[in-house]
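Dear colleague,

Please find the structure below, handed over for your consideration. My notes on it follow.

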Number of protein chains: 2
Amino acid sequence: MSDQAFSDAERAAVYRAIAERRDMRHFSGGSVEPALLARLLEAAHHAPSVGLMQPWRFIRVTDRQLRARIRAHVELERIQTAEALGERSDHFMKLKVEGIEQCAEVLVAALMDDREKHIFGRRTLPEMDMASLSCAIQNLWLAARAEGLGMGWVSMFEPQALAEVLGMPVGAKPLAILCLGPVAEFYPQPMLVMEGWAQARPLSELVYENTWGVHP
Amino acid sequence: MSDQAFSDAERAAVYRAIAERRDMRHFSGGSVEPALLARLLEAAHHAPSVGLMQPWRFIRVTDRQLRARIRAHVELERIQTAEALGERSDHFMKLKVEGIEQCAEVLVAALMDDREKHIFGRRTLPEMDMASLSCAIQNLWLAARAEGLGMGWVSMFEPQALAEVLGMPVGAKPLAILCLGPVAEFYPQPMLVMEGWAQARPLSELVYENTWGVHP
């Protein structure tokens with residue numbers, strides 16, 4: 001164990017946030033204090049980014065009509081997804097896939113425009129900007145859990161349509177509609193497991209040694 | 001503040017991990033105990049994933065010759081990147097961009113094969129699998145920091161070449177070479193800031209309200 005290790009209590013808190021974070025769809029209204037929202041966004045902003053490009057942009061949606069329009073776009077994609085799912089379509093339509101109307105805050109997380117000039121760490125993997133944005137969202141998620149707030153990541157939307165709704169320039173791209181706010185309770189397990197949609201696989205199946213498919 | 005909020009000390013620990021995590025390139029050898037490595041991988045495995053697809057696979061590299069080969073692929077891409085950077089090439093070549101030889105453990109994080117059938121939350125944003133993997137890596141990173149271990153994410157490699165080296169099936173894709181292990185000290189700031197490569201932008205420039213470019 002290194003000298004820089006946290007205390008046992010601190011370590012346990014970090015693991016607790018990681019284990020108890022949930023992708024929430026059920027919210028109980030309320031509000032998020034401005035100072036608290038600022039702390040959460042600062043946590044996101046502490047994320048690593050490839051070549052320090054900091055590709056993340058956050059649009060806070062405070063206009064209720066805009067929020068309703070965003071929700072309608074999600075609803076449109078929900079129906080498209082159901083059709084694409086074929087035989088699982090009925091089950092899918094019963095799932096709650098977003099909490100846009102009920103959550104305290106809606107944030108849209110997006111990639112900035114003008115990303116082509118950032119080559120550092122992206123020459124062969126241009127999608128690293130999206131990886132950086134995702135790390136920022138995970139930071140926000142964990143900080144929110146520690147603050148007792150739920151968050152849900154909604155990715156059911158047509159990115160170009162949402163970009164237009166929010167006045168994004170060419171090259172910018174929304175990756176997440178984040179629903180944030182107080183919740184009555186956190187799901188004890190991932191909601192899709194509780195709803196019988198999917199089963200979680202044990203970690204041991206997903207770890208290899210030296211060669212793909214070879215378990216240690 | 002919700003009933004589910006962590007204690008003040010727990011919250012502070014989560015924010016500490018987020019603020020003190022660094023993308024490390026300098027390692028001091030040593031080793032990572034198997035139980036500790038297992039805890040870190042479990043933390044990664046607690047990440048959210050779109051439709052619960054759990055697209056992450058981790059290959060632990062224990063063969064020293066394989067590690068050397070991986071490093072050679074990174075070196076190849078480092079030179080290609082320098083050429084692509086043009087006038088910043090000399091400065092770039094002085095930066096330390098990986099710690100593959102010195103770190104205790106090398107893990108390659110990859111996307112699984114056979115991803116096309118996962119439509120939930122990915123119909124219009126197929127790259128959500130990469131977002132899920134990135135969240136898993138961020139979990140691992142934060143847990144490592146709490147344990148006093150450094151981690152670095154190396155994305156300078158040709159993914160197809162690395163996939164072949166590790167025997168990956170068609171459709172699988174490596175996204176990260178993760179260097180993990182004890183460090184003499186954590187950088188007080190991001191290394192690219194300390195080296196004068198890039199300046200960090202303040203969060204306030206990156207937050208909008210309702211419309212792109214409109215600051216609150």
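What percentage of the 216 residues of chain A count as buried? The figure is 48%. Please bear in mind throughout that this is a predicted model.

**Overall form of chain A**

The secondary structure of chain A consists of seven helices and five strands. Read from the N terminus, the order of its elements is α-α-β-α-α-β-α-β-α-β-α-β. The C-alpha trace spans about 55 × 45 × 40 Å along its principal axes. A compact globule of 216 residues would have a radius of gyration near 17 Å, and the 19 Å of chain A agrees with this. Among the contacts in chain A with a separation of 6 or more, 81% are between residues 24 or more positions apart.

**The two copies**

A turn of 180°, with a shift of 0.0 Å along the axis, lays chain A on chain B with an RMSD of 0.0 Å. This is the relation of a two-fold axis. Both copies are served by the same surface, since 100% of the contact residues of chain A recur in chain B.

**Val14 and the nonpolar core**

A:Val14 belongs to helix H1 (residues 8-20) of chain A. It is buried, because 26 other C-beta atoms lie within 10 Å, where 20 or more suffice. Neighbours within four places in sequence aside, A:Val14 is in contact with B:Ala13, B:Val14, B:Ala17, B:Leu142, B:Ala143 and B:Ala146. On the same basis, B:Val14 is in contact with A:Ala13, A:Val14, A:Ala17, A:Leu142, A:Ala143 and A:Ala146. The largest nonpolar core has 135 residues, and those with the most contacts inside it are A:Val14, A:Ala109, B:Val14 and B:Ala109. In soluble globular proteins, nonpolar side chains tend to be buried together.

**Helix H3 of chain A**

Helix H3 (residues 64-85) of chain A has 22 residues, which at 1.5 Å a residue should span 32 Å; its end C-alpha atoms are 31 Å apart, in agreement. The buried residues of H3(A) are A:Ile70, A:Glu77 and A:Thr81. They lie on the same side of H3(A), because they cover an arc of only 50° around the axis. An α-helix has 3.6 residues a turn, so residues three or four places apart point the same way. The buried residues of H3(A) pack against strand E1 (56-61), helix H4 (89-94), strand E2 (105-111), helix H6 (159-165) and strand E4 (173-181) of chain A. Exposed on the other side of H3(A) are A:Arg64, A:Gln65, A:Ala68, A:Ala72, A:Ile79 and A:Glu83. After H3(A) comes A:Gly86, with a positive phi near 65°.

**Two loop residues with positive phi**

Most residues other than glycine have a negative phi. A:Gln54, which is not a glycine, has a positive phi near 45°. It is placed in the loop between helix H2 (34-45) and E1 of chain A. Is A:Gln54 buried or exposed? A:Gln54 is buried, because 24 other C-beta atoms lie within 10 Å.

A:Asp114 is likewise not a glycine and has a positive phi of about 60°. A:Asp114 sits in the loop between E2 and helix H5 (128-146) of chain A. A:Asp114 counts as exposed, because it has 11 C-beta neighbours inside 10 Å and the limit is 12 or fewer.

With kind regards

Note on methods: Residues are numbered from 1 along each chain as its sequence is written. Chains are lettered from A and ligands numbered from 1 in the order in which they are written. This is a predicted model: local features need pLDDT of at least 70, side-chain atom pairs count only at pLDDT 80 or more; totals for chains, interfaces and linings use all residues. Helices (H or I, at least four residues) and strands (E, at least two) are DSSP runs, numbered from the N terminus. Two residues are in contact if their C-beta atoms, placed from the backbone, lie within 7 Å. The expected span of a helix is 1.5 Å times one less than its number of residues. The arc is that of the directions from the helix axis to the C-beta atoms. Copies are superposed by least squares on the C-alpha atoms of residues with pLDDT of at least 70 in both. The radius of gyration is taken over C-alpha atoms; the globule rule is 2.2 Å times the number of residues to the power 0.38. A nonpolar core is a set of buried Ala, Val, Leu, Ile, Met, Phe, Trp, Tyr and Cys residues joined through C-beta atoms within 7 Å.
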